[in-house]
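Subject: Structure for your review

Dear colleague,

Please find below the structure that I am handing over to you. A description of what was found in it follows.

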Amino acid sequence: MGNFQYIFLELGNNNTGDCIYINCGETDIIVDGGSRTNSSKTISNYVNEYVDDGVLEYVIVTHADQDHIASFAGDGSNKSLFEYYDVKTIIDFPRTDKTTAVYNRYVEKRNAEIENGANHYTALECWQEIEGAKKSYEIGNGVTLNILYNYFYENSSSDENNYSVCFQIEQGDNKYLFTGDLEEKGEEYLVEYNNLSKVKLFKAGHHGSKTSSNDVLLNVIQPEIVVVTCVAGSVEYPVSTLLNTFPTQDFINRISKWTTQVYVTTLGLIEEDGVDDDGEIKYKDVGFESFNGNIVVTANRKEVSVNCSNNNTVLKDTVWFSENRQCPS
């Protein structure tokens, strides 16, 4: 098997979200479809550079939060990603507490794809190898996609992120780990129930939040390359301090023990927006631009390399980092 690629996409707006396109020879995979419904056109335009037959062999949807499903849900103005492609197999989350309109539209569009011939399995069905599902899928010569066991496939959580589908792609000794937005408790169980080891590539949990990519997981996987799918510095989500905007200082403190090869898709542009009742400065988002841009990780048995659409500067060497974060001592 020659080169295959993991492409972490910018999503065409200033909302943090996940969409990863994986090209492995004749196998095309999309993992998640954030960040908003209007991202579907941006995503399809990029993916169509690779997919010339309109077929996706696999779609994996990790959990039901908007920033992971919106492009699959679509709306009156934006087509669902399911409407762009003939999907052969859909693997998604066994559990959710969501009742939102975007989740309901996701289910509607997913079910329409199933009616059109797609196989549909939950990650739990894959793990249990029931209803025709498999724990391991060969996606290329000597390359397998392996569904991992997550305790929260079968048990409730107060945090929707813990329902995330977790999987690992393996090519010989090289491993590539994806955990959606799994939080600390989920990471603890992931380590407990799976035989994890060092990985070449790790998609940072929950966009580089302070609550994911914890030492309990990092100490085992010791990643070489880490990709953070976020709008760096955006105040889209309420935070008590700018140190908690993605990617957070806590995340950087932990990941820096293992690697400096950290890449971020997008940079958020913010400006001051008055003060709050406690006299603290408030901020608002005013736009975005490429940070590393679309991050392309090319892999084979011998080497793994990174090439980005905007630049290949690692996070610690960026101006944004020097102004907003600190290198751990």
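One open sheet is built from 8 strands, arranged in the order β6-β5-β4-β3-β2-β1-β15-β16, with mixed pairing. Its edge strands are β6 (119–122) and β16 (304–308), each of which pairs on one side only. From one strand to the next, the twist averages 20°. Please bear in mind throughout that this is a predicted model.

At one end of the order given above, β15 (residues 295–299) and β16 run antiparallel and are joined by 5 bridges. Within this pairing, T298 has S305 of β16 as its bridge partner. Helix α3 packs on the sheet, where it touches β4, β5 (86–92) and β6. The direction of α3 makes about 130° with that of β5.

Helix α3 also has a helical partner. In general, two packed helices are described by the angle between their axes and the distance between the axes. Here, α2 (residues 66–73) packs with α3 (residues 101–115) at an angle of about 50°, and their axes are 8 Å apart. An angle of about 50° therefore makes α2 oblique to α3. The crossing of these two helices is left-handed. On the α2 side, the contact is made by Q66, I69, A70, F72 and A73; on the α3 side, V102, Y103, R105, Y106 and K109 take part. By character, the residues of this contact divide into 7 nonpolar, 1 polar and 2 charged.

The second sheet may be described in a similar manner. In this open sheet, 8 strands follow the order β7-β8-β9-β10-β11-β12-β13-β14, and the pairing is mixed. Strands β7 (136–140) and β14 (281–290) stand at the edges with a single partner strand each, so one side of each has no neighbour in the sheet. The twist of this sheet averages 25° from one strand to the next. As a general matter, strands of a sheet pair through backbone hydrogen bonds, either parallel or antiparallel. Strand β13 (residues 262–275) and β14 run antiparallel, with 8 bridges joining them. In this pairing, E272 stands opposite Y283 of β14.

Turning to side chains, the structure holds 24 aromatic pairs. One of them is formed by Y21 and Y50; this pair is tilted, with 5.2 Å centre to centre and 50° between the planes. Y21 belongs to strand β2 (residues 20–24), while Y50 lies in the loop between α1 (39–47) and β4 (55–61), so the pair ties together parts that are 29 residues apart in sequence.

Finally, some details of the backbone deserve a mention. A cis peptide bond links G34 to S35, with omega about -5°. S35 is located in the loop between β3 (27–31) and α1. A cis peptide bond also joins F246 and P247, where omega is about -15°. P247 sits in the loop that runs between β12 (225–232) and α7 (249–255). H207 is a residue other than glycine with a positive phi, near 60°. The position of H207 is in the loop between β11 (201–203) and α6 (215–221).

With kind regards

Terms used
Residues are numbered from 1 along each chain as its sequence is written. This is a predicted model: local features need pLDDT of at least 70, side-chain atom pairs count only at pLDDT 80 or more; totals for chains, interfaces and linings use all residues. Side-chain values use heavy atoms; hydrogens and water are left out. Two strands pair if DSSP finds at least two bridges between them. Helices (H or I, at least four residues) and strands (E, at least two) are DSSP runs, numbered from the N terminus. Axes are lines fitted to C-alpha atoms, for helices over the stretch in contact, and angles run from 0 to 180 degrees between N-to-C directions. Angles under 35 degrees count as roughly parallel, over 145 as roughly antiparallel, 65 to 115 as roughly perpendicular and the rest as oblique. A crossing is left-handed if the near helix is turned anticlockwise from the far one by less than a right angle, and right-handed if clockwise. Contact means heavy atoms within 4.5 Å. Ala, Val, Leu, Ile, Met, Phe, Trp, Tyr, Cys and Pro count as nonpolar, Asp, Glu, Lys and Arg as charged, and the others, Gly among them, as polar. Rings of Phe, Tyr and Trp (its six-membered ring) pair if their centres lie within 6.5 Å; planes under 30 degrees apart count as stacked, over 60 as edge-to-face and the rest as tilted.
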